[in-house]
There are 6 protein chains.
Amino acid sequence: RYGMIEEEDQIGTATGLAYTAAGGDTLSIEVSIVPGKGRLSLTGKLGDVMKESAQAALSYIRSRAEQLEIDPAFHQKHDIHIHVPEGATPKDGPSAGITMATALISSLTNRPVKKEVGMTGEITLRGRVLPIGGLKEKTLSAHRAGLRTIIIPKDNEQDLDEIPESVKASLAFIAVSHLDQVLEHALVGEKHESNQIRHND
Amino acid sequence: RYGMIEEEDQIGTATGLAYTAAGGDTLSIEVSIVPGKGRLSLTGKLGDVMKESAQAALSYIRSRAEQLEIDPAFHQKHDIHIHVPEGATPKDGPSAGITMATALISSLTNRPVKKEVGMTGEITLRGRVLPIGGLKEKTLSAHRAGLRTIIIPKDNEQDLDEIPESVKASLAFIAVSHLDQVLEHALVGEKHESNQIRHND
Amino acid sequence: RYGMIEEEDQIGTATGLAYTAAGGDTLSIEVSIVPGKGRLSLTGKLGDVMKESAQAALSYIRSRAEQLEIDPAFHQKHDIHIHVPEGATPKDGPSAGITMATALISSLTNRPVKKEVGMTGEITLRGRVLPIGGLKEKTLSAHRAGLRTIIIPKDNEQDLDEIPESVKASLAFIAVSHLDQVLEHALVGEKHESNQIRHND
Amino acid sequence: RYGMIEEEDQIGTATGLAYTAAGGDTLSIEVSIVPGKGRLSLTGKLGDVMKESAQAALSYIRSRAEQLEIDPAFHQKHDIHIHVPEGATPKDGPSAGITMATALISSLTNRPVKKEVGMTGEITLRGRVLPIGGLKEKTLSAHRAGLRTIIIPKDNEQDLDEIPESVKASLAFIAVSHLDQVLEHALVGEKHESNQIRHND
Amino acid sequence: RYGMIEEEDQIGTATGLAYTAAGGDTLSIEVSIVPGKGRLSLTGKLGDVMKESAQAALSYIRSRAEQLEIDPAFHQKHDIHIHVPEGATPKDGPSAGITMATALISSLTNRPVKKEVGMTGEITLRGRVLPIGGLKEKTLSAHRAGLRTIIIPKDNEQDLDEIPESVKASLAFIAVSHLDQVLEHALVGEKHESNQIRHND
Amino acid sequence: RYGMIEEEDQIGTATGLAYTAAGGDTLSIEVSIVPGKGRLSLTGKLGDVMKESAQAALSYIRSRAEQLEIDPAFHQKHDIHIHVPEGATPKDGPSAGITMATALISSLTNRPVKKEVGMTGEITLRGRVLPIGGLKEKTLSAHRAGLRTIIIPKDNEQDLDEIPESVKASLAFIAVSHLDQVLEHALVGEKHESNQIRHND
Ligand SMILES: [Ca+2]
Ligand SMILES: [Ca+2]
Ligand SMILES: [Ca+2]
Ligand SMILES: [Ca+2]
Ligand SMILES: [Ca+2]
Ligand SMILES: [Ca+2]
Ligand SMILES: [Ca+2]
Ligand SMILES: [Ca+2]
Ligand SMILES: [Ca+2]
Ligand SMILES: [Ca+2]
Ligand SMILES: [Ca+2]
Ligand SMILES: [Ca+2]
């Protein structure tokens, strides 16, 4: 069913975690990049903050094109569409920043995103990962959706205390402070460094 | 009369199903693609969600141009107009997504849409078909309009229980999870696979 | 006086019929097409639905340029202005669709519109003519303005019963389902087919 | 003082008559046309109807460029600015249509506007002059400003009855139905035809 | 301190006088003109009327480029930024018109504005200077800021009666009806004509 | 943690000081400049005044490109993105003007900003630094964040009296009236002049 973990690793699609009045939810961030004239489309009933978050993710990527092995002129020669399905549901906030960055880089480098990974965190123009709200609710929804690994901001590490042991037992948490670390753990074909945290305390 | 089944299969026109406070209704989605400069027009008093749905349908098609045997540069060399008649009636929601995609592809490939087919379902940038609301009311309006086959999202299959037997007896339902399946059953000149469901239980 | 039948057949001007809280009224739809860059101007305090109706009329014409013997690239090489005088009076609704299409085609083909013809009907991207409201009030205003022939949508034929015999005696009604039929009866220099209806019942 | 008759005939400036809650007033319509890229600026706290009126005036001129001995491509090679001073006073309505057309044509043809002429009337894309409201108040303000000749729409002729004899004795009224007649009487260097009306009844 | 008279004559900066609910104030109008593509930026929390006033000032200058010894194509080859500091304070009204024109011409001709001159007056497309409100409050604020000469519209001359003798004793007033007169008195390097008025009555 | 002093001097990032209903806060201003077409993006839920402040900073830099040893055409050949993290927090006011200018110049000249410097002050098109509000709250937040040097507007010097001695003992204050002074003290590799003020009174 839609909203559950994908059947295989996908290129250009990453799983975020949302926190609303109705609780937590998973968000599928879809990116499509096709030959075009440099237009950016942002759809899925996104609020202004979430749209600005997408712009920040894109600017970060453009400023790091060389290191990411992306054509620095990709922006001018393509149209980029970022869509968040369930188009009737309003979505907002900066916490999908790293998810949008990951889906964009996946699409630009043709590297799939691991299907069992979910993530949440604000991104800055320098690639820093800032803390977010609602970690508990987000984690519960990730668990329900069948995800196995959750990438969270380093500054949210202390919030893990509030999460039930039963949930923590089946999820791996990775705390990051920079997008580089997100990419290492979320994209297929990149060696993992060992800042993975298993919470069995 | 307008609102009843067409007299012959049409290119660039597909039949969707709407659900409003006043009950269900059929929607004719019309597409016109003419030489131009890449402008997209969306008319018929469409709400923001429905307009974003059209953008998602178009981006999906652009990302799959090669497989669909469409010129990948069609977008830049043409103006595209999607219109939903009864221009005074407000329309919104994501459930016309697959209908807009079907009408666009029909117009771009010159393959007619079967006149007796109606459809409802949200589309994503990957071509996935997501569930919709109001299936019962939509089905009743399809029946009144004289349609014979209804394409619905796989995730709505369980909602078929609520539909009266008398209606189900004269309608075939096809449950789909991807736009490829929609096109197989809705466009003329494509072999049908056998995931058609007749509800006589 | 303005609002009464024109003194001679005009190119680029057609007479529509409006229905407002204050009753029926005739509307003069004026079109001006001059060398330019493809800009469309819509003025006369037009509401969104009426503006979308103009776009639908224009897209229909572009998709049928060859059959109408119009340069398919006219849109790019000209600026098009559609104006509805009495600029302080708000106007809206889709029922001027066929009138705008007729005025546009008259201007593009240099064929005058017959001065004694009025018309009302929504237009679709396929050239279909959809039913409208307020036929009685519209007919009375057409009569007051001195018109002799009224083109109406086929689906409004039953509404002719409500119109006073005294009015019907001096007006010819033509019921149509497609814009081709409108053009045959409204433009000068085209043979009439015999679907004219005289209401003397 | 500003608001009184000009000291000499001006190119690109014409005098209109406004009617507001506070009574009648004269309006100076200023036009500036300079080499540019085809941009139209409309300033002076103008309402939407007045802005559309300016567009109608401009489209009329473009459609008649040849007869007016104006370069048909003037629009693309210049920027046009129409300004109505006393920039803090809101202005609206279609009745400055013929004044804006006159100021534009004066500027484009380098023919001055006669300084003692005021005018009021809506313009259509065909150059027709439509009736306006507030003729009495407008006439009184024209008289106060020192104007000698007032151009009015033919369909407002009957409203001259309401104007005090003392005012009519010092003003000449010219009733017109087309912009051609406005230009004959308002621009310097064009022979007058004798449809001037002196009201001494 | 900011808000006091400048230490030396500046190019591209002129001092206007504002009148708000809180009394009079001086306004520094800053202009920056750099190589660009013809974009006009207006910042400093300016209301619509003040923005239109800037456009009028600019159009006047473009129409008089030759007489002002300015490259007639300056507009297309530069970006122009007009900023009014104290960016958090809302500003509106047409009375900064001549100040903006003066700052623009100073910047375009590299002639400094005299640091001890303040000014207030609406500008028209013809360079006429129209009367403004709040002259008394504006004059008091000019006095407080250390200005020595105030340029006012000719039509405001009678308002000088309301100004205290102590203030008038230390300020020179110059009444003008056209921008040419403003430039003569405000820009460095231009001979003064003798319509300066000293109020010692 | 985010919000604390950076670990090393950064290029394109400067620290501002904000004052809100909830007290003072530090703001990280991030600038990204990449090859592009001259587009300026301003994100981080910035209000209109703060956006205009960014435009003023950019125009100042463009007008001084030569002195700053920046390619005068940088604006046309790059896209510039200014982002202020914590994207969900609304930010407004002109006091980040000098911080945005500093971050822009750092990015354009590849000179890092000293990590221990914070700053606050409105900027004008001439590079003047205007006074701001909330100096006490801003200073306390700078102290909490671990900053060592605070650049303030000259016109705010008297407000230093309100700041607790314990805070002043660990912070150096530099009072400036022009952006040149800001750059001297904030950018690495520029000799300091001695207008630094230590408040131990
Ligand atoms: Ca969901
Ligand atoms: Ca690493
Ligand atoms: Ca219907
Ligand atoms: Ca298949
Ligand atoms: Ca009427
Ligand atoms: Ca026929
Ligand atoms: Ca007046
Ligand atoms: Ca004549
Ligand atoms: Ca001030
Ligand atoms: Ca002089
Ligand atoms: Ca903070
Ligand atoms: Ca220095």
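Reader: How many residues does the contact take from chain C and from chain B?

Author: Contact here means heavy atoms within 4.5 Å. The contact takes 20 residues from chain C and 27 residues from chain B. A quick caveat: this is a predicted model, where local features need pLDDT of at least 70 and side-chain atom pairs count only at pLDDT 80 or more, while totals for chains, interfaces and linings use all residues. Residues are numbered from 1 along each chain as its sequence is written, and side-chain values use heavy atoms, leaving out hydrogens and water.

Reader: What is the area buried between chain C and chain B?

Author: The size of an interface is often given as the accessible area lost when the parts come together. Buried area is that loss with a 1.4 Å probe, summed over both parts. Between chain C and chain B, about 2000 Å² is buried, and carbon and sulfur atoms give 47% of that. On the chain C side, Glu52(C), Leu125(C) and Arg126(C) lose the most area to chain B, together 29% of what that side buries.

Reader: How many salt bridges does the rule find across the interface of chain C and chain B?

Author: The rule wants a side-chain nitrogen of Lys or Arg within 4 Å of a carboxyl oxygen of Asp or Glu. Three turn up across this interface. Arg1(B) and Asp155(C) meet in a salt bridge through their side chains, at 4.0 Å from N to O.

Reader: Which residues coordinate the calcium ion (ligand 5)?

Author: Donors are N, O and S atoms within 2.8 Å of the metal (3.2 Å for Na, K and Ca), and water is not among the atoms, so sites may look incomplete. Asp25(C), listed twice through OD, and Glu86(C), through OE, coordinate the ion at 2.6 to 3.1 Å.

Note on methods: Chains lettered and ligands numbered in written order. Buried area = accessible area lost by both parts, 1.4 Å probe.
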